[in-house]
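Please open the structure in your viewer and keep the sequence panel beside it, so that each stop on this tour can be selected by chain and residue number. The tour goes from one selection to the next and says what is found at each place.

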Amino acid sequence: MIAVKNLFKKYGTNEVLKNINIEFHKGKVYGIVGENGTGKTTLFRCIADLEDYEGKISSNPNPIKNHLGLLLTEPFFFQKITGKEYIQLLCNARNIKIPDIEDRNIFDLPLSQYASTYSTGMKKKLALTAILLQGNDYFILDEPFNGVDIQSNIIITEIIHKLKVLDKIVIISSHIFSTLSDTCDEIHLLSSGHFIKSVQKANFHVLETEMKQMTIGNKIEKLGLT
Amino acid sequence: MASIRDNQNLRTTKQDEKVKKYFELQYKMTNRKFKDAGFNPLLAYLMLTTLFVGLSIYLFHKTDFAGYIYLLFALTLIGNLSETRRTAFLKICFSDKKLKKIRVSENLICSLPFLIFLLYKQLFLSALLLFVLATILALLNFRTTLNFTIWTPFSKRPFEFTTGFRNTFYIFFASYTLTAIAISVNNFNLGVFAMLLVFATTLSYYSKPENEYYVWTHNLKPNAFLLGKIKIALLFSSSIAFPIAITLAIFNPQNIGILSLFFLVGWAFLIGIIVSKYAAYPNAMNITQGILLALCVWFPPTLIVLIPYLFKKSENRLSSLLK
(Lines give C-alpha, C1' and ligand atoms only; values in the text may rest on other atoms or scores of the structure.)
Protein backbone atom coordinates (compact mmCIF):
# COMPACT_ATOMS: atom_id res chain seq x y z
CA MET A 1 0.00 0.00 0.00
CA ILE A 2 1.02 3.60 -0.59
CA ALA A 3 -0.52 6.21 1.72
CA VAL A 4 -0.28 9.92 1.01
CA LYS A 5 -1.27 12.10 3.96
CA ASN A 6 -1.57 15.89 4.10
CA LEU A 7 0.78 16.40 1.20
CA PHE A 8 1.74 19.96 0.31
CA LYS A 9 4.27 21.05 -2.26
CA LYS A 10 5.45 24.57 -2.99
CA TYR A 11 7.85 25.97 -5.56
CA GLY A 12 8.77 29.29 -3.96
CA THR A 13 5.43 30.91 -3.23
CA ASN A 14 3.60 28.84 -5.81
CA GLU A 15 1.65 26.11 -4.01
CA VAL A 16 1.38 23.26 -6.52
CA LEU A 17 -0.11 20.54 -4.29
CA LYS A 18 -2.55 21.42 -1.50
CA ASN A 19 -3.40 18.89 1.17
CA ILE A 20 -3.43 15.71 -0.92
CA ASN A 21 -4.78 12.64 0.90
CA ILE A 22 -5.04 9.36 -0.94
CA GLU A 23 -4.34 5.64 -0.52
CA PHE A 24 -3.24 3.26 -3.24
CA HIS A 25 -3.86 -0.45 -2.66
CA LYS A 26 -2.30 -3.61 -4.06
CA GLY A 27 -3.91 -5.09 -7.17
CA LYS A 28 -5.58 -1.85 -8.17
CA VAL A 29 -5.04 0.57 -11.02
CA TYR A 30 -5.50 4.29 -10.36
CA GLY A 31 -5.98 7.03 -12.91
CA ILE A 32 -5.00 10.61 -12.16
CA VAL A 33 -6.54 13.16 -14.51
CA GLY A 34 -6.42 16.92 -14.70
CA GLU A 35 -5.55 19.75 -17.03
CA ASN A 36 -1.93 20.59 -17.85
CA GLY A 37 -0.20 22.23 -14.90
CA THR A 38 -2.59 20.95 -12.23
CA GLY A 39 0.21 19.09 -10.42
CA LYS A 40 0.00 15.48 -11.68
CA THR A 41 3.69 15.16 -12.48
CA THR A 42 4.63 16.96 -9.25
CA LEU A 43 2.49 14.49 -7.30
CA PHE A 44 4.26 11.60 -9.04
CA ARG A 45 7.67 13.11 -8.32
CA CYS A 46 6.73 13.51 -4.64
CA ILE A 47 5.59 9.88 -4.40
CA ALA A 48 8.83 8.81 -6.11
CA ASP A 49 10.82 10.84 -3.58
CA LEU A 50 12.29 13.00 -6.30
CA GLU A 51 10.99 16.14 -4.58
CA ASP A 52 10.99 17.48 -1.05
CA TYR A 53 7.49 18.01 0.32
CA GLU A 54 5.45 18.67 3.44
CA GLY A 55 3.30 15.81 4.71
CA LYS A 56 3.82 12.08 4.77
CA ILE A 57 4.07 9.40 2.13
CA SER A 58 4.45 5.87 3.45
CA SER A 59 4.56 2.50 1.73
CA ASN A 60 4.94 -1.17 2.34
CA PRO A 61 7.51 -2.33 1.14
CA ASN A 62 9.61 0.66 1.96
CA PRO A 63 11.44 2.83 0.81
CA ILE A 64 9.09 3.41 -2.05
CA LYS A 65 11.75 4.47 -4.58
CA ASN A 66 13.51 1.10 -4.46
CA HIS A 67 10.34 -0.72 -5.50
CA LEU A 68 8.96 1.82 -7.95
CA GLY A 69 9.03 1.76 -11.72
CA LEU A 70 8.68 5.34 -12.86
CA LEU A 71 7.84 6.03 -16.49
CA LEU A 72 8.44 9.70 -17.17
CA THR A 73 6.45 11.66 -19.75
CA GLU A 74 9.63 12.27 -21.69
CA PRO A 75 12.24 9.67 -20.70
CA PHE A 76 15.83 10.90 -20.91
CA PHE A 77 18.40 8.85 -22.82
CA PHE A 78 22.16 9.18 -23.00
CA GLN A 79 23.77 9.70 -26.36
CA LYS A 80 25.38 6.53 -27.74
CA ILE A 81 23.75 4.04 -25.46
CA THR A 82 21.83 1.20 -27.12
CA GLY A 83 18.35 0.06 -26.18
CA LYS A 84 19.78 -3.13 -24.69
CA GLU A 85 22.34 -1.18 -22.66
CA TYR A 86 19.58 1.11 -21.36
CA ILE A 87 17.64 -1.91 -20.07
CA GLN A 88 20.88 -3.36 -18.67
CA LEU A 89 21.61 -0.06 -16.88
CA LEU A 90 18.20 0.04 -15.19
CA CYS A 91 18.35 -3.65 -14.24
CA ASN A 92 21.89 -3.27 -12.86
CA ALA A 93 20.64 -0.34 -10.76
CA ARG A 94 18.21 -2.69 -9.02
CA ASN A 95 20.64 -5.61 -9.01
CA ILE A 96 18.42 -7.63 -11.33
CA LYS A 97 20.07 -10.07 -13.71
CA ILE A 98 18.27 -10.65 -17.00
CA PRO A 99 20.23 -13.11 -19.16
CA ASP A 100 17.85 -12.93 -22.13
CA ILE A 101 16.99 -9.27 -22.65
CA GLU A 102 16.31 -9.81 -26.38
CA ASP A 103 13.68 -12.45 -25.57
CA ARG A 104 11.84 -9.96 -23.35
CA ASN A 105 11.70 -7.37 -26.15
CA ILE A 106 7.95 -7.63 -26.64
CA PHE A 107 7.70 -4.33 -28.52
CA ASP A 108 10.23 -5.55 -31.14
CA LEU A 109 12.51 -2.58 -30.54
CA PRO A 110 15.86 -2.37 -32.39
CA LEU A 111 17.80 -2.98 -29.16
CA SER A 112 21.23 -2.86 -30.79
CA GLN A 113 20.66 0.71 -32.04
CA TYR A 114 21.30 3.86 -30.02
CA ALA A 115 18.21 4.71 -27.96
CA SER A 116 18.64 8.41 -28.72
CA THR A 117 17.81 7.67 -32.36
CA TYR A 118 14.47 6.07 -31.45
CA SER A 119 11.16 7.80 -32.18
CA THR A 120 9.11 9.24 -29.28
CA GLY A 121 6.92 6.13 -29.11
CA MET A 122 9.87 3.74 -29.28
CA LYS A 123 11.60 5.62 -26.46
CA LYS A 124 8.50 5.29 -24.32
CA LYS A 125 8.23 1.57 -25.06
CA LEU A 126 11.92 1.07 -24.22
CA ALA A 127 11.57 2.95 -20.92
CA LEU A 128 8.45 0.91 -20.09
CA THR A 129 10.18 -2.39 -20.93
CA ALA A 130 13.09 -1.45 -18.65
CA ILE A 131 10.94 -0.63 -15.61
CA LEU A 132 8.88 -3.79 -16.14
CA LEU A 133 12.03 -5.92 -16.16
CA GLN A 134 13.19 -4.25 -12.93
CA GLY A 135 10.54 -6.34 -11.14
CA ASN A 136 8.92 -3.44 -9.31
CA ASP A 137 5.97 -3.56 -6.90
CA TYR A 138 4.67 -0.09 -7.74
CA PHE A 139 4.36 1.59 -11.11
CA ILE A 140 3.80 5.24 -11.91
CA LEU A 141 3.16 5.66 -15.61
CA ASP A 142 3.04 9.32 -16.62
CA GLU A 143 1.21 9.39 -19.93
CA PRO A 144 2.24 5.89 -21.07
CA PHE A 145 0.03 5.98 -24.18
CA ASN A 146 1.32 9.28 -25.59
CA GLY A 147 3.07 9.01 -28.94
CA VAL A 148 2.73 5.22 -29.00
CA ASP A 149 1.18 3.40 -31.97
CA ILE A 150 -2.23 1.69 -31.70
CA GLN A 151 -0.79 -1.84 -31.64
CA SER A 152 1.53 -0.98 -28.76
CA ASN A 153 -1.28 0.81 -26.93
CA ILE A 154 -3.19 -2.47 -26.99
CA ILE A 155 -0.13 -4.26 -25.55
CA ILE A 156 0.34 -1.59 -22.85
CA THR A 157 -3.32 -1.94 -21.83
CA GLU A 158 -2.84 -5.71 -21.51
CA ILE A 159 0.38 -5.20 -19.50
CA ILE A 160 -1.52 -2.99 -17.04
CA HIS A 161 -4.21 -5.69 -16.69
CA LYS A 162 -1.47 -8.24 -16.00
CA LEU A 163 0.17 -6.00 -13.38
CA LYS A 164 -3.20 -5.76 -11.63
CA VAL A 165 -3.49 -9.56 -11.59
CA LEU A 166 0.04 -9.73 -10.14
CA ASP A 167 -1.11 -7.56 -7.22
CA LYS A 168 0.97 -4.53 -8.19
CA ILE A 169 -0.04 -0.94 -7.58
CA VAL A 170 -0.34 1.02 -10.83
CA ILE A 171 -0.90 4.78 -11.03
CA ILE A 172 -1.46 6.25 -14.48
CA SER A 173 -1.98 9.68 -15.90
CA SER A 174 -3.37 10.08 -19.36
CA HIS A 175 -5.06 12.74 -21.45
CA ILE A 176 -7.01 10.10 -23.36
CA PHE A 177 -10.01 9.17 -21.25
CA SER A 178 -10.69 5.86 -23.02
CA THR A 179 -7.24 4.52 -22.09
CA LEU A 180 -8.02 5.17 -18.42
CA SER A 181 -11.52 3.76 -18.53
CA ASP A 182 -10.09 0.57 -20.11
CA THR A 183 -7.47 0.08 -17.39
CA CYS A 184 -8.34 1.85 -14.13
CA ASP A 185 -10.33 0.83 -11.07
CA GLU A 186 -10.57 4.40 -9.80
CA ILE A 187 -10.02 7.80 -11.38
CA HIS A 188 -9.10 10.87 -9.35
CA LEU A 189 -9.58 14.34 -10.77
CA LEU A 190 -6.88 16.80 -9.82
CA SER A 191 -7.59 20.50 -10.15
CA SER A 192 -5.43 23.43 -8.96
CA GLY A 193 -3.36 21.16 -6.73
CA HIS A 194 -6.05 19.15 -4.98
CA PHE A 195 -8.39 16.27 -5.72
CA ILE A 196 -11.88 17.52 -6.48
CA LYS A 197 -13.46 14.20 -7.42
CA SER A 198 -12.83 10.47 -7.09
CA VAL A 199 -14.83 8.04 -9.17
CA GLN A 200 -15.16 4.24 -9.18
CA LYS A 201 -15.23 2.22 -12.42
CA ALA A 202 -19.04 2.00 -12.52
CA ASN A 203 -19.31 5.78 -12.76
CA PHE A 204 -16.55 6.56 -15.25
CA HIS A 205 -19.09 7.49 -17.92
CA VAL A 206 -20.60 10.09 -15.57
CA LEU A 207 -17.15 11.58 -14.92
CA GLU A 208 -16.43 11.72 -18.64
CA THR A 209 -19.67 13.58 -19.31
CA GLU A 210 -19.01 16.00 -16.46
CA MET A 211 -15.45 16.62 -17.61
CA LYS A 212 -16.65 17.30 -21.14
CA GLN A 213 -19.18 19.83 -19.87
CA MET A 214 -16.67 21.46 -17.53
CA THR A 215 -13.93 21.62 -20.13
CA ILE A 216 -15.81 22.53 -23.25
CA GLY A 217 -18.59 24.76 -21.83
CA ASN A 218 -19.29 27.35 -24.51
CA LYS A 219 -15.65 27.65 -25.60
CA ILE A 220 -16.33 26.28 -29.10
CA GLU A 221 -19.09 28.86 -29.66
CA LYS A 222 -16.63 31.59 -28.61
CA LEU A 223 -14.50 30.74 -31.64
CA GLY A 224 -17.35 31.94 -33.84
CA LEU A 225 -16.63 29.34 -36.50
CA THR A 226 -18.70 29.79 -39.64
CA MET B 1 16.22 45.96 -59.06
CA ALA B 2 17.16 48.53 -56.39
CA SER B 3 14.36 47.26 -54.18
CA ILE B 4 15.69 43.67 -54.43
CA ARG B 5 19.16 44.91 -53.45
CA ASP B 6 17.63 46.91 -50.56
CA ASN B 7 15.82 43.80 -49.36
CA GLN B 8 19.05 41.78 -49.56
CA ASN B 9 20.93 44.47 -47.63
CA LEU B 10 18.19 44.58 -45.01
CA ARG B 11 18.32 40.79 -44.64
CA THR B 12 22.13 40.87 -44.29
CA THR B 13 21.92 43.60 -41.63
CA LYS B 14 19.30 41.60 -39.73
CA GLN B 15 21.49 38.47 -39.90
CA ASP B 16 24.55 40.45 -38.71
CA GLU B 17 22.45 41.77 -35.85
CA LYS B 18 21.43 38.18 -34.99
CA VAL B 19 25.07 37.04 -34.98
CA LYS B 20 26.03 39.95 -32.71
CA LYS B 21 23.11 39.13 -30.40
CA TYR B 22 24.21 35.47 -30.36
CA PHE B 23 27.69 36.31 -29.10
CA GLU B 24 26.28 38.81 -26.59
CA LEU B 25 24.03 36.03 -25.31
CA GLN B 26 26.96 33.60 -25.02
CA TYR B 27 28.87 36.24 -23.05
CA LYS B 28 25.86 36.80 -20.73
CA MET B 29 25.42 33.04 -20.24
CA THR B 30 29.09 32.61 -19.34
CA ASN B 31 28.89 35.47 -16.84
CA ARG B 32 25.72 33.95 -15.38
CA LYS B 33 27.55 30.66 -14.81
CA PHE B 34 30.31 32.46 -12.91
CA LYS B 35 27.74 34.35 -10.83
CA ASP B 36 25.85 31.12 -10.07
CA ALA B 37 29.12 29.64 -8.83
CA GLY B 38 29.52 32.63 -6.52
CA PHE B 39 32.22 34.49 -8.46
CA ASN B 40 32.41 38.00 -9.80
CA PRO B 41 32.81 37.42 -13.58
CA LEU B 42 35.75 39.81 -13.83
CA LEU B 43 37.52 38.04 -11.00
CA ALA B 44 36.69 34.65 -12.55
CA TYR B 45 38.20 35.68 -15.91
CA LEU B 46 41.31 36.90 -14.10
CA MET B 47 41.60 33.68 -12.07
CA LEU B 48 41.09 31.48 -15.12
CA THR B 49 43.70 33.42 -17.09
CA THR B 50 46.19 33.08 -14.23
CA LEU B 51 45.40 29.39 -13.88
CA PHE B 52 45.73 28.82 -17.62
CA VAL B 53 49.06 30.61 -17.85
CA GLY B 54 50.33 28.87 -14.69
CA LEU B 55 49.35 25.40 -15.90
CA SER B 56 50.75 26.10 -19.37
CA ILE B 57 54.12 27.16 -17.96
CA TYR B 58 54.13 24.08 -15.71
CA LEU B 59 53.23 21.76 -18.60
CA PHE B 60 55.89 23.13 -20.95
CA HIS B 61 58.41 22.99 -18.14
CA LYS B 62 57.60 19.34 -17.31
CA THR B 63 57.34 17.63 -20.68
CA ASP B 64 58.66 17.85 -24.21
CA PHE B 65 55.26 16.79 -25.49
CA ALA B 66 53.43 19.83 -24.17
CA GLY B 67 52.81 21.05 -27.72
CA TYR B 68 50.95 17.83 -28.58
CA ILE B 69 49.01 17.85 -25.30
CA TYR B 70 48.10 21.44 -25.96
CA LEU B 71 46.80 20.65 -29.44
CA LEU B 72 44.83 17.67 -28.19
CA PHE B 73 43.34 19.59 -25.27
CA ALA B 74 42.38 22.58 -27.41
CA LEU B 75 40.78 20.39 -30.07
CA THR B 76 38.88 18.39 -27.45
CA LEU B 77 37.55 21.64 -26.01
CA ILE B 78 36.56 22.90 -29.43
CA GLY B 79 35.03 19.54 -30.27
CA ASN B 80 32.43 20.15 -27.54
CA LEU B 81 31.12 23.08 -29.56
CA SER B 82 30.37 20.73 -32.45
CA GLU B 83 27.82 18.81 -30.37
CA THR B 84 25.21 17.67 -32.85
CA ARG B 85 22.07 18.99 -31.15
CA ARG B 86 23.75 22.34 -30.61
CA THR B 87 24.74 22.56 -34.28
CA ALA B 88 21.24 21.49 -35.33
CA PHE B 89 19.75 24.29 -33.21
CA LEU B 90 22.13 26.85 -34.73
CA LYS B 91 21.20 25.61 -38.21
CA ILE B 92 17.57 26.44 -37.50
CA CYS B 93 18.47 29.96 -36.30
CA PHE B 94 21.02 31.08 -38.89
CA SER B 95 21.62 30.92 -42.62
CA ASP B 96 24.42 28.61 -43.82
CA LYS B 97 26.80 31.55 -44.32
CA LYS B 98 26.19 33.02 -40.87
CA LEU B 99 26.37 29.59 -39.26
CA LYS B 100 29.84 29.06 -40.72
CA LYS B 101 30.87 32.53 -39.54
CA ILE B 102 29.62 31.78 -36.02
CA ARG B 103 31.19 28.34 -35.82
CA VAL B 104 34.59 29.51 -37.12
CA SER B 105 34.53 32.52 -34.75
CA GLU B 106 33.58 30.31 -31.79
CA ASN B 107 36.34 27.80 -32.51
CA LEU B 108 38.95 30.52 -32.96
CA ILE B 109 37.88 32.36 -29.78
CA CYS B 110 38.20 29.12 -27.81
CA SER B 111 41.59 28.28 -29.32
CA LEU B 112 42.90 31.85 -28.89
CA PRO B 113 44.53 31.33 -25.45
CA PHE B 114 46.27 28.21 -26.76
CA LEU B 115 47.34 29.98 -29.96
CA ILE B 116 48.80 32.92 -28.03
CA PHE B 117 50.79 30.64 -25.74
CA LEU B 118 52.05 28.52 -28.64
CA LEU B 119 53.20 31.68 -30.42
CA TYR B 120 54.84 32.90 -27.22
CA LYS B 121 56.68 29.58 -27.10
CA GLN B 122 57.61 30.09 -30.77
CA LEU B 123 55.93 26.82 -31.73
CA PHE B 124 54.72 28.32 -35.00
CA LEU B 125 53.96 25.01 -36.70
CA SER B 126 51.77 23.82 -33.80
CA ALA B 127 50.00 27.20 -33.73
CA LEU B 128 49.36 27.05 -37.46
CA LEU B 129 48.13 23.47 -37.16
CA LEU B 130 45.73 24.42 -34.36
CA PHE B 131 44.46 27.43 -36.34
CA VAL B 132 43.83 25.32 -39.44
CA LEU B 133 42.26 22.39 -37.56
CA ALA B 134 40.01 24.71 -35.49
CA THR B 135 38.79 26.34 -38.71
CA ILE B 136 38.29 23.04 -40.51
CA LEU B 137 36.44 21.58 -37.53
CA ALA B 138 33.95 24.45 -37.71
CA LEU B 139 33.35 23.98 -41.43
CA LEU B 140 33.00 20.23 -41.41
CA ASN B 141 29.47 18.97 -41.43
CA PHE B 142 29.37 15.89 -39.24
CA ARG B 143 26.56 13.41 -39.69
CA THR B 144 24.20 13.72 -36.78
CA THR B 145 23.30 10.06 -36.64
CA LEU B 146 25.40 7.05 -37.35
CA ASN B 147 23.58 4.11 -38.82
CA PHE B 148 25.88 1.71 -37.02
CA THR B 149 26.61 1.11 -33.36
CA ILE B 150 30.22 1.29 -32.26
CA TRP B 151 31.21 -1.85 -30.38
CA THR B 152 32.30 -1.37 -26.78
CA PRO B 153 33.77 -3.85 -24.30
CA PHE B 154 31.87 -2.06 -21.52
CA SER B 155 28.35 -2.87 -22.64
CA LYS B 156 27.45 -4.90 -19.55
CA ARG B 157 28.01 -2.03 -17.09
CA PRO B 158 26.56 1.13 -18.64
CA PHE B 159 26.83 4.08 -18.79
CA GLU B 160 30.04 6.11 -18.31
CA PHE B 161 32.50 3.80 -20.03
CA THR B 162 29.93 2.53 -22.52
CA THR B 163 29.24 5.97 -23.96
CA GLY B 164 32.71 7.32 -23.19
CA PHE B 165 34.47 4.54 -25.09
CA ARG B 166 32.30 5.18 -28.15
CA ASN B 167 33.23 8.87 -28.07
CA THR B 168 36.95 8.47 -27.45
CA PHE B 169 38.07 5.03 -28.66
CA TYR B 170 40.40 6.65 -31.21
CA ILE B 171 42.39 8.22 -28.36
CA PHE B 172 43.07 4.72 -27.00
CA PHE B 173 44.33 3.62 -30.42
CA ALA B 174 46.55 6.71 -30.41
CA SER B 175 47.81 5.81 -26.91
CA TYR B 176 48.67 2.26 -27.96
CA THR B 177 50.43 3.60 -31.07
CA LEU B 178 52.39 6.08 -28.90
CA THR B 179 53.39 3.20 -26.62
CA ALA B 180 54.71 1.24 -29.59
CA ILE B 181 56.67 4.33 -30.72
CA ALA B 182 57.94 4.84 -27.14
CA ILE B 183 59.26 1.29 -27.08
CA SER B 184 60.83 1.50 -30.56
CA VAL B 185 62.66 4.79 -29.81
CA ASN B 186 63.34 3.75 -26.21
CA ASN B 187 61.55 6.80 -24.76
CA PHE B 188 60.04 5.81 -21.41
CA ASN B 189 58.54 9.28 -20.82
CA LEU B 190 56.53 9.06 -24.02
CA GLY B 191 55.17 5.70 -22.84
CA VAL B 192 54.14 7.20 -19.50
CA PHE B 193 52.47 10.03 -21.37
CA ALA B 194 50.49 7.47 -23.42
CA MET B 195 49.36 5.76 -20.22
CA LEU B 196 48.35 9.03 -18.58
CA LEU B 197 46.48 9.98 -21.74
CA VAL B 198 44.25 6.93 -21.18
CA PHE B 199 43.51 8.04 -17.61
CA ALA B 200 42.96 11.67 -18.68
CA THR B 201 40.46 10.46 -21.29
CA THR B 202 38.53 8.33 -18.82
CA LEU B 203 38.42 11.28 -16.41
CA SER B 204 36.35 13.14 -18.98
CA TYR B 205 33.61 10.48 -18.68
CA TYR B 206 32.81 11.83 -15.23
CA SER B 207 32.89 15.54 -15.99
CA LYS B 208 29.14 16.12 -16.41
CA PRO B 209 26.30 15.27 -14.02
CA GLU B 210 23.84 12.69 -15.32
CA ASN B 211 20.07 13.12 -15.25
CA GLU B 212 18.78 12.57 -11.69
CA TYR B 213 16.67 9.60 -12.83
CA TYR B 214 19.85 7.54 -13.33
CA VAL B 215 20.94 8.12 -9.76
CA TRP B 216 17.45 7.85 -8.23
CA THR B 217 16.76 4.47 -9.83
CA HIS B 218 19.62 2.78 -7.93
CA ASN B 219 18.63 0.58 -5.04
CA LEU B 220 21.70 1.63 -3.05
CA LYS B 221 22.77 3.90 -0.23
CA PRO B 222 25.01 6.85 -1.26
CA ASN B 223 28.10 5.14 0.15
CA ALA B 224 27.55 1.92 -1.83
CA PHE B 225 26.60 3.91 -4.93
CA LEU B 226 29.86 5.90 -4.83
CA LEU B 227 31.99 2.84 -4.11
CA GLY B 228 30.30 1.03 -7.01
CA LYS B 229 31.07 3.92 -9.37
CA ILE B 230 34.69 4.03 -8.19
CA LYS B 231 35.10 0.25 -8.55
CA ILE B 232 33.84 0.26 -12.13
CA ALA B 233 35.97 3.30 -13.01
CA LEU B 234 39.16 1.72 -11.64
CA LEU B 235 38.46 -1.66 -13.19
CA PHE B 236 37.59 -0.37 -16.66
CA SER B 237 40.27 2.34 -16.85
CA SER B 238 42.87 -0.21 -15.72
CA SER B 239 41.74 -2.66 -18.38
CA ILE B 240 42.60 -0.02 -21.01
CA ALA B 241 45.77 1.32 -19.37
CA PHE B 242 47.14 -2.02 -18.17
CA PRO B 243 48.45 -3.24 -21.57
CA ILE B 244 50.47 -0.01 -21.83
CA ALA B 245 51.83 -0.38 -18.29
CA ILE B 246 52.77 -4.03 -18.82
CA THR B 247 54.50 -3.30 -22.13
CA LEU B 248 56.48 -0.44 -20.56
CA ALA B 249 57.35 -2.59 -17.54
CA ILE B 250 58.68 -5.40 -19.74
CA PHE B 251 60.92 -3.06 -21.71
CA ASN B 252 61.85 -0.83 -18.73
CA PRO B 253 62.00 -3.15 -15.69
CA GLN B 254 64.16 -0.60 -13.86
CA ASN B 255 61.24 1.88 -13.98
CA ILE B 256 58.50 -0.36 -12.57
CA GLY B 257 58.39 1.71 -9.38
CA ILE B 258 57.79 5.04 -11.10
CA LEU B 259 55.36 3.36 -13.51
CA SER B 260 53.31 1.97 -10.59
CA LEU B 261 53.32 5.42 -9.02
CA PHE B 262 51.90 7.01 -12.19
CA PHE B 263 49.29 4.25 -12.36
CA LEU B 264 48.26 5.00 -8.78
CA VAL B 265 48.14 8.73 -9.55
CA GLY B 266 45.83 7.93 -12.49
CA TRP B 267 43.55 5.98 -10.15
CA ALA B 268 43.63 8.74 -7.54
CA PHE B 269 42.56 11.36 -10.10
CA LEU B 270 39.78 9.09 -11.30
CA ILE B 271 38.45 8.74 -7.75
CA GLY B 272 38.96 12.49 -7.29
CA ILE B 273 36.86 13.41 -10.32
CA ILE B 274 34.05 11.00 -9.33
CA VAL B 275 33.74 12.40 -5.82
CA SER B 276 34.07 15.96 -7.18
CA LYS B 277 31.22 15.31 -9.57
CA TYR B 278 28.84 13.96 -6.95
CA ALA B 279 29.93 16.56 -4.37
CA ALA B 280 28.29 19.16 -6.62
CA TYR B 281 25.44 16.91 -7.83
CA PRO B 282 22.89 17.57 -9.31
CA ASN B 283 24.72 20.72 -10.41
CA ALA B 284 27.76 20.64 -12.63
CA MET B 285 31.17 20.83 -10.96
CA ASN B 286 31.79 24.42 -9.93
CA ILE B 287 34.87 26.57 -10.30
CA THR B 288 36.00 25.92 -6.71
CA GLN B 289 36.17 22.19 -7.40
CA GLY B 290 37.91 22.86 -10.70
CA ILE B 291 40.55 24.91 -8.89
CA LEU B 292 40.98 22.21 -6.24
CA LEU B 293 41.50 19.58 -8.93
CA ALA B 294 43.94 21.87 -10.72
CA LEU B 295 45.78 22.22 -7.42
CA CYS B 296 45.99 18.43 -7.30
CA VAL B 297 47.52 18.36 -10.80
CA TRP B 298 50.17 20.75 -9.47
CA PHE B 299 50.62 18.79 -6.24
CA PRO B 300 48.98 15.31 -6.42
CA PRO B 301 49.34 14.45 -2.68
CA THR B 302 46.55 17.02 -2.09
CA LEU B 303 44.22 14.26 -3.32
CA ILE B 304 44.83 12.31 -0.09
CA VAL B 305 42.99 15.04 1.80
CA LEU B 306 40.60 16.08 -0.93
CA ILE B 307 39.16 12.64 -1.76
CA PRO B 308 37.79 11.80 1.74
CA TYR B 309 36.42 15.33 2.09
CA LEU B 310 34.63 15.22 -1.27
CA PHE B 311 33.46 11.64 -0.67
CA LYS B 312 31.67 12.78 2.50
CA LYS B 313 30.22 15.76 0.67
CA SER B 314 29.05 13.48 -2.16
CA GLU B 315 27.28 11.21 0.32
CA ASN B 316 25.38 14.22 1.66
CA ARG B 317 24.46 15.46 -1.81
CA LEU B 318 23.20 12.02 -2.86
CA SER B 319 21.28 11.31 0.33
CA SER B 320 18.09 12.96 -0.98
CA LEU B 321 18.01 10.65 -4.02
CA LEU B 322 19.39 7.42 -2.56
CA LYS B 323 17.77 5.94 0.52
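Begin by selecting I140(A) together with I171(A), for I140(A) stands opposite I171(A), a residue of strand β7(A). Before going further, please keep in mind that this is a predicted model.

Now widen the selection to the two strands around that pair: β6(A) and β7(A), the latter covering residues 169–173 of chain A, pair in the parallel sense over 5 bridges. One position back on β6(A), the residue F139(A) has V170(A) as its bridge partner in β7(A). Add helix α4 (residues 150–165) of chain A to the view, and you will have a right-handed β-α-β unit made of β6(A), α4(A) and β7(A).

Stay with β6(A) and colour its residues, 138–142, by burial: this strand of chain A is mostly covered, with 5 of its 5 residues buried. In a regular strand the side chains alternate between the two faces of the sheet. Here, Y138(A), I140(A) and D142(A) lie on one side of β6(A) while F139(A) and L141(A) lie on the other, and since every one of these residues is buried, both faces of the strand are covered.

Next, turn to the other neighbour of β6(A), which is strand β5 (residues 68–71) of chain A; 4 bridges join β5(A) to β6(A), and the two run parallel. To see one pair of residues across this join, select L71(A), which stands opposite L141(A) in β6(A).

With these strands in view, bring up the whole sheet to which they belong, an open sheet of 6 strands in chain A with the order β5-β6-β7-β3-β8-β9 and with mixed pairing. Which strands of chain A stand at the edges? They are β5 and β9 (194–200), and because each has a single partner strand, one side of each is left without a neighbour in the sheet. Neighbouring strands of this sheet are turned by 15 degrees against each other on average, with direction ignored. Helix α3 (residues 120–133) of chain A packs on the sheet, where it touches β5 and β6 of chain A, and its direction makes about 180 degrees with that of β5(A).

From here, move to another sheet of chain A, an open one of 3 strands in the order β2-β1-β4, with antiparallel pairing. Its edges are held by β2 (14–24) and β4 (54–59) of chain A, each of which has a single partner strand, so one side of each is left without a neighbour in the sheet. The twist averages 20 degrees from one strand to the next. Select strand β1 (residues 2–11) of chain A, which is joined to β4(A) by 5 bridges and runs antiparallel to β4(A); one residue to pick out is F8(A), whose bridge partner in β4(A) is E54(A).

The loop between β4 and β5 of chain A is the next stop, and P61(A) is found there. A cis peptide bond joins N60(A) and P61(A), with omega of about 10 degrees. The same step can be repeated for P63(A), which also has its place in the loop between β4 and β5 of chain A, and which is joined to N62(A) by a cis peptide bond with omega of about -10 degrees.

Two further loop residues of chain A deserve a selection of their own. D108(A), in the loop between α2 (83–93) and α3 of chain A, has a positive phi of about 55 degrees although it is not a glycine, and D108(A) counts as exposed because it has 10 C-beta neighbours inside 10 Å. S192(A), in the loop between β8 (186–191) and β9 of chain A, has a positive phi of about 50 degrees although it is not a glycine; with 14 C-beta neighbours inside 10 Å, S192(A) counts as partly exposed.

Finally, show both chains and look at the contact between them, which takes 19 residues from chain B and 24 residues from chain A. On the side of chain B that touches chain A, α7 (160–184) and α9 (213–216) each supply at least two residues, and α7(B) gives the most, with 4 residues. By class, that side of chain B has 4 nonpolar, 10 polar and 5 charged residues.

Terms used:
Residues are numbered from 1 along each chain as its sequence is written. Chains are lettered from A and ligands numbered from 1 in the order in which they are written. This is a predicted model: local features need pLDDT of at least 70, side-chain atom pairs count only at pLDDT 80 or more; totals for chains, interfaces and linings use all residues. Two strands pair if DSSP finds at least two bridges between them. Axes are lines fitted to C-alpha atoms, for helices over the stretch in contact, and angles run from 0 to 180 degrees between N-to-C directions. Two residues are in contact if their C-beta atoms, placed from the backbone, lie within 7 Å. Ala, Val, Leu, Ile, Met, Phe, Trp, Tyr, Cys and Pro count as nonpolar, Asp, Glu, Lys and Arg as charged, and the others, Gly among them, as polar. A residue is buried if 20 or more other C-beta atoms lie within 10 Å of its own, exposed if 12 or fewer, and partly exposed in between; C-beta atoms are placed from the backbone. A crossover is right-handed if, with the strands pointing away from the viewer, the path from the first strand over the helix to the second runs clockwise.
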